[in-house]
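Please open the model in your viewer and keep the sequence panel beside it, since this tour moves from one selection to the next.

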Amino acid sequence: MEVVKIKRLIALLSLLVIVACRSGSENPKGFLSVAGERLTDDYGRTVILNGINYVTKDPDKYYDNVNDDKLFRQFRNWGFNCVRFGLSWKGIEPEPGKINEKYLLEVDKRVKWAEENGIWLILDMHQDLYGGKYGNGAPDWATLDEGLPHVTGDVWSDAYLASPAIHKVFDNFWKNAPAPDGEGIQDHYIFVWKILAKRYAQSPSVAGFDIMNEPFTGSESITVLTKLLEAYGGIVAGATGKTPSLESLTDMWGNEKMRIEALKTLDDKNNYSLIADNAYETVRTFEQGALSQFYQKVRDAVREVNKKHILFLEHSYFCNLGVKSSFLIPKDKDGVRDSLCVYAPHGYDLVTDTDAASAPSFNRTEVIFERIFEAGKEKGVPVVVGEWGAFYMGNEYREPALHLIGLFEQAKVGQTYWAYWENIDKQDYFAEALSRSYPMLTNGILQAYGNDYKNNQFTVEWKETGEAPTRVYIPDLSRFKPENMELNPHSETTIVPLDNNRSGYLEIAPAGGERRLTIRF
């Protein structure tokens with residue numbers, strides 16, 4: 001009996017260490033880096049980026065976000081260690097060769113607030129429909145549509161496929177057509193990136209540079225769409241014995257209600273894979289040609305002034321839908337791949353931004369992200385999903401959100417949700433999918449982690465290789481009970497509450513070797 005009492009006393013003393021609190025916590029220091037397929041901090045710990053997009057598209061509101069200092073503190077309390085922060089080419093270079101210092105001073109503030117809150121910023125040169133003339137992004141002087149008409153559709157993104165003007169402006173960008181000052185418009189874009197790379201070269205709170213949001217193929221998109229629709233027509237023919245015309249398929253795709261109805265027949269993973277694969281060769285030609293050449297040029301310009309920051313490289317627009325990406329990682333002058341590159345894909349089901357957005361197909365999204373993770377392995381770089389979700393207010397999205405975050409946890413990839421809006425924390429999925437328990441900083445190799453919402457349990461497994469503590473974000477400390485935690489092998493742990501005293505960090509001292517943590521909430 002005395003032995004039992006002694007063991008219980010030792011266990012009690014251990015728990016007292018576990019629940020000991022200190023008032024503050026050190027933010028991650030140093031530049032985010034890359035080690036193979038892992039992101040790492042300056043202690044060599046594996047970093048999982050869990051964050052959100054924050055993008056202001058309205059040029060009249062570039063300087064109106066006066067409460068961002070408080071918002072960045074809220075981001076930290078929600079457990080976001082990363083923000084994909086949208087930049088505007090139009091805002092930075094309103095006239096050819098002229099940099100808007102007022103705009104960049106506002107970016108400087110966000111870089112400072114990110115550093116104060118232990119957040120890494122991914123600076124994202126955002127565009128939708130190329131530029132401000134049709135959406136947001138490029139300045140009008142760099143929007144060379146040659147007078148072609150702009151055509152819209154039932155869904156805003158339909159213009160990518162339907163608008164001759166959008167096709168022409170992208171074609172002119174990829175061929176580096178001259179701007180009004182005679183310099184190539186792509187050269188102007190790269191010039192802006194070089195300015196940014198030099199400006200933030202000594203800013204560790206900047207994770208890196210997301211070179212272009214959703215690069216679009218231009219007029220070659222007609223061929224890609226044709227390939228996708230032909231494959232769909234073949235599936236319809238196999239099921240009905242009747243082959244639909246390309247014209248009827250195009251009309252179907254351009255009508256939101258007809259498209260949603262057609263998508264009901266594409267819940268089969270094999271069928272959806274066949275459709276995506278039919279466009280692979282055409283997309284590959286663009287990705288390994290114009291897109292890879294562009295990334296190489298940006299890389300060369302950035303590395304002239306900045307050798308510390310990561311390049312976040314996105315796949316082409318059509319890869320969002322499940323076409324596998326094949327762009328090439330840029331190299332140095334000796335032909336060695338740049339060691340600071342991340343694959344930053346986006347993934348959306350075909351119902352996104354339609355009336356059926358709250359009911360995406362789990363099978364289709366699995367195909368999309370299986371292709372993304374496969375491409376990441378082939379590229380041999382870390383994966384950070386730059387956009388997913390777009391589950392806006394007004395519907396219930398818990399199940400699709402948890403399905404996707406489960407895929408990301410299983411693959412151990414980072415993510416930044418699309419997007420922040422006021423009261424997003426009231427969304428049905430927010431607490432479980434976004435502001436959730438996860439291993440922020442793992443000493444050594446993160447082997448597996450995940451949230452089991454049915455059993456209210458969080459588990460993480462890792463192999464330690466260093467001396468720094470492992471940090472786990474806990475969204476609700478009131479639900480954390482030390483007696484419901486199992487840590488093998490045991491080591492000292494510390495709870496670090498954040499300034500709202502609701503959320504905080506669990507910091508785990510090293511013990512060496514294989515580790516496993518289980519928390520039941």
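## From a strand pair to a helix

Begin by selecting L487, which stands opposite L517 in β19. The model you are looking at is a predicted one. Now widen the selection to the strands that hold these two residues: β16 and β19, the latter spanning residues 513–520, pair in the antiparallel sense over 4 bridges.

Next, bring in the rest of the sheet, in which 4 strands form an open arrangement in the order β13-β14-β19-β16, with antiparallel pairing. Colour β13 (445–452) and β16 (485–488) separately, because these strands stand at the edges with a single partner strand each, so that one side of each is left without a neighbour in the sheet. If you look from one strand to the next, the twist averages 5°.

Leave the sheet and select helix α11, residues 269–278, where Y272, S273, I275 and A276 are the buried residues. Turn the view until you look down the axis of α11: its buried residues fall within an arc of 160°, and they therefore line one face of the helix. To see what this face meets, display α8 (221–240), α12 (280–303) and α13 (362–379), against which the buried residues of α11 pack. Then rotate to the face of α11 turned away from its buried side, which carries the exposed residues N270 and L274.

Finish at the start of α11 by showing the side chain of D268 together with the backbone of N270, where a side-chain oxygen of D268 reaches to within 3.0 Å of the backbone nitrogen of N270.

Definitions and conventions. Residues are numbered from 1 along each chain as its sequence is written. This is a predicted model: local features need pLDDT of at least 70, side-chain atom pairs count only at pLDDT 80 or more; totals for chains, interfaces and linings use all residues. Side-chain values use heavy atoms; hydrogens and water are left out. Buried means under 20% relative accessible area, exposed over 50%, partly exposed in between (1.4 Å probe, protein chains only). The arc is that of the directions from the helix axis to the C-beta atoms. Contact means heavy atoms within 4.5 Å. A polar contact is a pair of N or O atoms within 3.5 Å; within protein, one must be able to donate a hydrogen and the other to accept it, and residues adjacent in sequence count only if both atoms are side-chain atoms. Two strands pair if DSSP finds at least two bridges between them. Axes are lines fitted to C-alpha atoms, for helices over the stretch in contact, and angles run from 0 to 180 degrees between N-to-C directions.
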